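Here is a quick tour of one model, with an eye on its pocket lining and its charged pairs. Have the viewer open while you read.

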Amino acid sequence: MASNGAFDITVAPLVNAWGFGFKNKENVSQCLIDSLRQYVGMEKICLQRHRLIKTDNNVMLDASAIAKGQACDVVASLLKDKGCSNLLVDIGGEVVLQGVNDEGKPWRVGITKPIDDITGTQNELQEIISSTSLAMATSGNYRQFYYENGVRRSHTIDPRSGYPVNHTLLSATVIAADCMTADALATACMVLGKDSAMLMIGKADDTECYLIYSCNDTTAVCMTEGMQKILFADEGKSL
């Protein structure tokens, strides 16, 4: 797999255990993590005649890392089928766009600064992207998290270890051929961390990324060459 197991929709039991799913947080211990990991792994599901088959009834799926991206793709496809050539679909920060805006100019969409904000009201922009054809998704750990005994627990769970990720990557924005793929890759980036994420994206066809990470009490960025080309030069960082 492209992500080496970093993206795995069978991660649901672990997400629930840490309190980021549809169940209350559990008293997490290594024993609990080990007991749940036996039901985690893409090899525990398979696709047969358009049906997803689980090898065990205890396997649970979490499609939240692709749901908004897929929804953007579906809505955009419907609009195109109806003859709409200029469109922008934005569902929770995942975006599909085509054509131009009402001023006849390329669409502009922003990448939000990764400032801790559980209210979801902080929308200061880090960068602006200008494009006439784009499928983009952003994943980050700055809105869904909590502190437990002084330890920050983010909502991004590494399915390989069973624990919330703990590295310097704060935000990952990915452009891909479709928004569902971009959504999945952005999540995988957040699990992998900066260096491994850049390696993964570098091996993916027609895919770009913009990563924001912490560095010496401040933030820094790294990006693919293709992403650099579509950044909009605007000192005011306003759409």
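## Who lines the pocket

Start with strand S5, since S5 contributes the most to the lining of the largest pocket, namely 5 residues. Keep in mind that this is a predicted model. S5 covers 107-112, and other elements that supply at least two lining residues each are helix H3 (64-81), strand S3 (87-91), strand S4 (94-98), strand S7 (133-140) and helix H4 (179-192).

How big is that largest pocket? Its volume comes out at about 990 Å³. There are 40 residues in the lining, and those closest to the centre are Lys68, Glu94, Thr138, Ser139 and Gly140.

Chemically, the lining of this pocket is a mix: 18 nonpolar residues, 14 polar ones and 8 charged ones. If you're wondering how such space gets found, a probe the size of a water molecule is rolled over the atoms to show where empty space is left.

## Salt bridges between sequence neighbours

Now for the charged pairs. The structure has 7 salt bridges, and a few are worth picking out.

One of them joins lysine 44 to glutamate 43, with the closest N and O atoms 2.8 Å apart. Which partner is buried, and which is exposed? Lysine 44 has a relative accessible area of 16%, so it falls under the 20% cut-off and is buried. Glutamate 43 is at 59%, and because that is over 50%, it is exposed.

Lysine 194 and aspartate 195 also meet through their side chains, in a salt bridge of 2.7 Å from N to O. Lysine 194 has 21% relative accessibility, which makes it partly exposed, since buried means under 20%. Aspartate 195, at 53%, counts as exposed.

## An aspartate-arginine pair and a network

Aspartate 158 and arginine 160 bring their side chains together in a salt bridge too, at 2.9 Å from N to O. Is aspartate 158 buried or exposed? With a relative accessibility of 11%, aspartate 158 is buried. Arginine 160 sits at 35%, so it lands between the 20% and 50% cut-offs and counts as partly exposed.

Finally, which residues are linked in a network of salt bridges? Lys25, Glu148 and Arg153 are the ones to select in your viewer.

Notes. Residues numbered from 1 in each chain as written. Predicted model: local features only at pLDDT ≥ 70, side-chain atom pairs only at ≥ 80, totals over all residues. Heavy atoms only, no water. 1 Å grid on protein atoms, 1.4 Å probe; cavity = no way out; pocket = protein on both sides within 12 Å on 5 of 7 lines; lining within 4 Å. Points joined across faces, edges and corners; volume = space filled by probe spheres on them. Helix = DSSP H or I, 4+ residues; strand = E, 2+ residues; numbered from the N terminus. Nonpolar A, V, L, I, M, F, W, Y, C, P; charged D, E, K, R; others polar. Salt bridge = Lys/Arg side-chain N within 4 Å of Asp/Glu carboxyl O. Buried < 20%, exposed > 50% of the residue type's maximum accessible area, 1.4 Å probe, protein only.
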